[in-house]
Structures are given as structure tokens and as C-alpha cells.
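Please look over the sequence and the model shown below before reading on. The paragraphs that follow go from the overall fold to the surface.

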Amino acid sequence: MNRSRSFNRFHRYLARQKRHGLKAVLPQSNQLGDMVNSGVDQRRNQLDRLSHQDVLMELLESQA
């Protein structure tokens with residue numbers, strides 16, 4: 001019983017250390033990710049807008 005209890009405590013301790021390490025790193029990586037993905041988001045917005053315009057043009061042509 002003592003062995004499994006110490007085993008569980010040790011693994012909880014390791015998990016806590018890992019969480020703290022990740023929390024320390026993640027805010028920096030989020031800023032980097034936002035900077036990298038901003039160009040992708042702009043391109044995606046342009047493509048969405050153009051596809052929406054294409055659909056509207058097809059609807060107008062089908063009505064005429």
C-alpha cells in the first residue's frame with residue numbers, strides 16, 4: 001500500500017511540474033502563433049468574401 005501511494009504522489013508531482021512548465025511557455029507561443037496565423041486569417045477572409053461574391057453572381061445570372 002505504501003509503495004502505490006508514494007508512486008501516485010510522485011506522478012502527481014511530475015504532472016504538476018509539467019503543467020507549470022507548459023503554462024510558463026504557452027503565452028509566448030500563443031503570441032507567436034497569432035503573428036504567424038494573421039496572414040493566413042486574412043487570406044481565408046479574402047477567399048470567403050470572393051466565394052460569397054461568386055455565389056451571388058451565379059444567383060443573379062440564374063434569375064436573369
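How many helices and how many strands make up the secondary structure of the protein chain? In this predicted model, the secondary structure of the protein chain amounts to one helix and zero strands. That helix, α1, covers residues 2-63, in a protein chain of 64 residues of which buried residues make up 0%. The area that the protein chain exposes is about 6400 Å², and 57% of this is supplied by carbon and sulfur atoms.

On this surface, a nonpolar patch of about 290 Å² is made by F10, Y13 and L14. F10, which lies in helix α1, has a relative accessibility of 45% and therefore counts as partly exposed, since that class takes in values between the 20% limit for buried and the 50% limit for exposed residues.

The surface also carries a patch of positive charge, which is formed by R5, R9, R12, R16, R19 and K23. Of these residues, R5 has its place in helix α1, the helix in which F10 of the nonpolar patch also lies.

Terms used: Residues numbered from 1 in each chain as written. Predicted model: local features only at pLDDT ≥ 70, side-chain atom pairs only at ≥ 80, totals over all residues. Heavy atoms only, no water. Patch = residues over 30% accessible without salt bridge, like charges linked within 9 Å, V, L, I, M, F, W, Y side chains within 5 Å. Areas by Shrake-Rupley, 256 points an atom, 1.4 Å probe, with all protein chains shown as cover. Salt bridge = Lys/Arg side-chain N within 4 Å of Asp/Glu carboxyl O. Helix = DSSP H or I, 4+ residues; strand = E, 2+ residues; numbered from the N terminus. Buried < 20%, exposed > 50% of the residue type's maximum accessible area, 1.4 Å probe, protein only. Lys, Arg positive; Asp, Glu negative; His and termini not counted. Charge placed at Lys NZ, Arg CZ, Asp CG, Glu CD.
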